[in-house]
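Colleague: Could you take a close look at one chain-to-chain contact in this model? I would like the cut-offs spelled out, and then whatever context helps to place that contact.

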Amino acid sequence: MAAVAGLRAFRAKGPTWLRRGPWAPRSAGFCSPGAAGTARLESEPRPTSTRQRDGIRNIVLSNPKKRNALSLAMLKSLRSDILHEAESKDLKVIIISGEGPVFSSGHDLKELTGEQGHDYHTEVFQTCSEVMMLIQNHPVPIIAMVNGLATAAGCQLIASCDIAVASERSSFATPGVNIGLFCSTPAVALGRAVPRKVALEMLFTGEPISAQEALLHGLISKVVPEEQLEDTTMRIAKKIASLSRSVVALGKATFYKQLPQDLRTAYYLTSQAMVDNLALQDGQEGINAFIQKRKPIWSH
Amino acid sequence: MAAVAGLRAFRAKGPTWLRRGPWAPRSAGFCSPGAAGTARLESEPRPTSTRQRDGIRNIVLSNPKKRNALSLAMLKSLRSDILHEAESKDLKVIIISGEGPVFSSGHDLKELTGEQGHDYHTEVFQTCSEVMMLIQNHPVPIIAMVNGLATAAGCQLIASCDIAVASERSSFATPGVNIGLFCSTPAVALGRAVPRKVALEMLFTGEPISAQEALLHGLISKVVPEEQLEDTTMRIAKKIASLSRSVVALGKATFYKQLPQDLRTAYYLTSQAMVDNLALQDGQEGINAFIQKRKPIWSH
Amino acid sequence: MAAVAGLRAFRAKGPTWLRRGPWAPRSAGFCSPGAAGTARLESEPRPTSTRQRDGIRNIVLSNPKKRNALSLAMLKSLRSDILHEAESKDLKVIIISGEGPVFSSGHDLKELTGEQGHDYHTEVFQTCSEVMMLIQNHPVPIIAMVNGLATAAGCQLIASCDIAVASERSSFATPGVNIGLFCSTPAVALGRAVPRKVALEMLFTGEPISAQEALLHGLISKVVPEEQLEDTTMRIAKKIASLSRSVVALGKATFYKQLPQDLRTAYYLTSQAMVDNLALQDGQEGINAFIQKRKPIWSH
């Protein structure tokens, strides 16, 4: 897939919806295309590639030789691709997929040896956590399209997306325990996606579960034969791209805001959001179009 | 189904178990039969109908022409039916169902246009949220019996019930996004019933899931062929009606109280509840009857 | 199964990882083998039996005549077996199973009549809750191996384990409501393992669910034919026993610590845990062994 020129433009300021905590990386800048370019050898493939059409941005993990490992460079590239023009009305939905037979094998273990040391390790895990939270805080829905094995932080990436569609040949594992590194950060996303016993059996044994088991336990929302994977995912993405961006963004933000609250607070927040939604231009346009039996025209 | 005369008697005071927050409607009264009657035309069907026999109250959404839309009148009628003599020993369990091929299509969109304005919209969503929380705070189990499509707030109503039984032909959707009104209040109940990815795919695409998928993901607890729906639901209701009302009420209240707590607090609360349960007349009667190998006689 | 001599040695001091709240039993001591021995008649079977080999401890509920009821003596014996040398490097994983056709029938109802009184009832429920929380706070994974019926606190015990494997003939129920004693403490564990509607239908009707339903709803993580139950469970246990005990212990503690937190706090805690894990001797050994393509040698 061809990368859209300029998609990785340097963002000097983060958007307001990206809430940064006290432990966010000190540098607010994201990897610039120039800097990343000079850091890579010509023969090395770029870690991600992107294209965008009709409101749908495809971000592809593009280092199949290294099983799309989430190296620090890959994580920064992914962060940059997700953040790029996030507030643009031209962006409606993001699809993340992997090139080759492995969706992603998780962290690059060569970055986690004693040689790099404590500070480097901290940066790797903080950047990874930031990318995962970014998905949830992003204004547009982010879909994982999975065709193959996803392990450790690769499995975490899928669990962190809003929607996940997988081919039947996909499988999912958190095998860190095999190499003495318990998948504690992947467990944050996994433990919020599947029942506790399923999460712990995966974490304690490191053994993979199939796509069907992942569906059964809620890690993904759809399983299809490999040849239908792209069509099914694109059908969902096109549907989302046809909707009002402002309505979807309000709905997504409200969903994650109310979910951890007690029931009364959740209903207070969402009743407010419903009234706010009705006051949006697209809120009234949608209802009027429905009552007038015509297609709505969104202003986003 | 015939309505029980007097079932909608005006309740001047809410029961103590209905905890009202600061944003509850200013008027504490519920719709009186007289007021509701005069507001409706002769030709218009009553929005709900009820009957009660052997401790089982059936509440039926009875406006099939309007796909049992949860208009403000329907919500108030439903609230009144649920609250009616809630503390009576004669009431053991409530079943909510819908007349016609649609269980409920959610809010009446004609009530949500710009004409009604901000205050009316606020009342609609607050009344709806109040009904949903009422189900959880009610002393007796409330079962949804679903035969057909349930969308938006109709799907929320099912997700809010304690138990839900559905026929195979039923389906469930939160399609508000199609008309520019994200199902944020339904998402409160849906997001607490199914895995996050399933909820978000439903919310972002508006597409329905089948009864089997709803069972798989925990939105409902049982799926049966249409012709067995009433028998299966009545079997559950009769079983509950045969038990001690005071024991069931204590158990239901304790369940929702402990669920959001940390584990230690939850065990503290429930250990206390078990000791209190044993001190109930029906607690000791039940255990004595078991040890004496006889049928217990409940005092409720 | 033969009991390992000395496994029940009296523990004068509880380990630091067993966090005791203000309502923990006043006596910090656990049942000594001598005391328990003298309290039992020769003809009465010991309530639990244990054996330990190659890092795997088997604890068997061994009172099949009483359907492995969780009497106060059984709970204390189980607590003692779980706590015994919990900090020893020789212990890697615990399996809990039941002798005979019933895994466990829950509390001994003869201990819950009016004769024993309030204080005794309180001790029973507090001891039970303590055992359930102990499982989660224990440094090694604890697996339930279920072959048969598990009811009430027996079902709670399974829901409280980290992993649960069951034979196809197993079933699960919380039938307390039938005898006027709502399963409120079992509901703590059940309500955190299965969807709310499934939990409430089980609690309100007392009716059992099958092993397949338990798998569907997340109460257990694997179902196998009866003849494969021990092999499957042992395969999981052996896998865990082959891993670094210190890494698994850090991972388990971190998992339960992060699960109830908000996402940002959870990622903060776990990113820290990942860095700490890498600093462990077994953390670096595992990664070095992987990069050098050799088998790791754990120091635990």
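**The contact of chain C with chain A**

Modeller: Between them, chain C and chain A bury about 4,400 Å², with carbon and sulfur atoms giving 67% of that area. Buried area here is the accessible area, taken with a 1.4 Å probe, that two parts lose on being put together, summed over both. On the chain C side, Arg264(C), Tyr267(C) and Met274(C) supply 19% of what that chain buries against chain A, more than any other three residues.

The model is predicted, so local features need pLDDT of at least 70 and side-chain atom pairs count only at pLDDT 80 or more, while totals for chains, interfaces and linings use all residues. Residues are numbered from 1 along each chain as its sequence is written, chains are lettered from A and ligands numbered from 1 in the order in which they are written, and side-chain values use heavy atoms, with hydrogens and water left out.

In residues, 55 from chain C and 48 from chain A take part, where contact means heavy atoms within 4.5 Å. Two salt bridges cross this interface, a salt bridge being a side-chain nitrogen of Lys or Arg within 4 Å of a carboxyl oxygen of Asp or Glu. Arg235(C) pairs in this way with Glu207(A), and the closest N and O atoms are 3.4 Å apart. There are also 20 residue pairs in polar contact, both residues at pLDDT 80 or more. (A polar contact is a pair of N or O atoms within 3.5 Å; within protein, one must be able to donate a hydrogen and the other to accept it, and residues adjacent in sequence count only if both atoms are side-chain atoms.)

The elements of chain C that each supply at least two residues to this side are α4 (153-160), β7 (163-167), α7 (211-217), α8 (229-241), α9 (245-258), α10 (263-279) and α11 (281-291). The largest share, 12 residues, comes from α10(C). By class, the side has 32 nonpolar, 15 polar and eight charged residues. (Ala, Val, Leu, Ile, Met, Phe, Trp, Tyr, Cys and Pro count as nonpolar, Asp, Glu, Lys and Arg as charged, and the others, Gly among them, as polar.) Helices (H or I, at least four residues) and strands (E, at least two) are DSSP runs, numbered from the N terminus.

For context, chain B also meets chain A, burying about 4,300 Å² between them, 67% of it on carbon and sulfur atoms. That contact takes 47 residues from chain B and 55 residues from chain A. The count there is two salt bridges; Glu207(B) forms one with Arg235(A), its closest N and O atoms being 3.4 Å apart. Elements giving two or more residues to the chain B side are α3 (117-137), α4 (153-160), α5 (184-191) and α6 (196-205) of chain B. Of these, α6(B) gives the largest share, nine residues.

Chain A itself comes to 11 helices and 10 strands. Of its 300 residues, 62% count as buried, meaning under 20% relative accessible area (exposed is over 50%, partly exposed in between; 1.4 Å probe, protein chains only).

Back in chain C, 16 of the 21 residues of α3(C) are buried. The end C-alpha atoms of this helix (residues 117-137) are 30 Å apart, which agrees with the 30 Å expected at 1.5 Å a residue; the expected span is 1.5 Å times one less than the number of residues.
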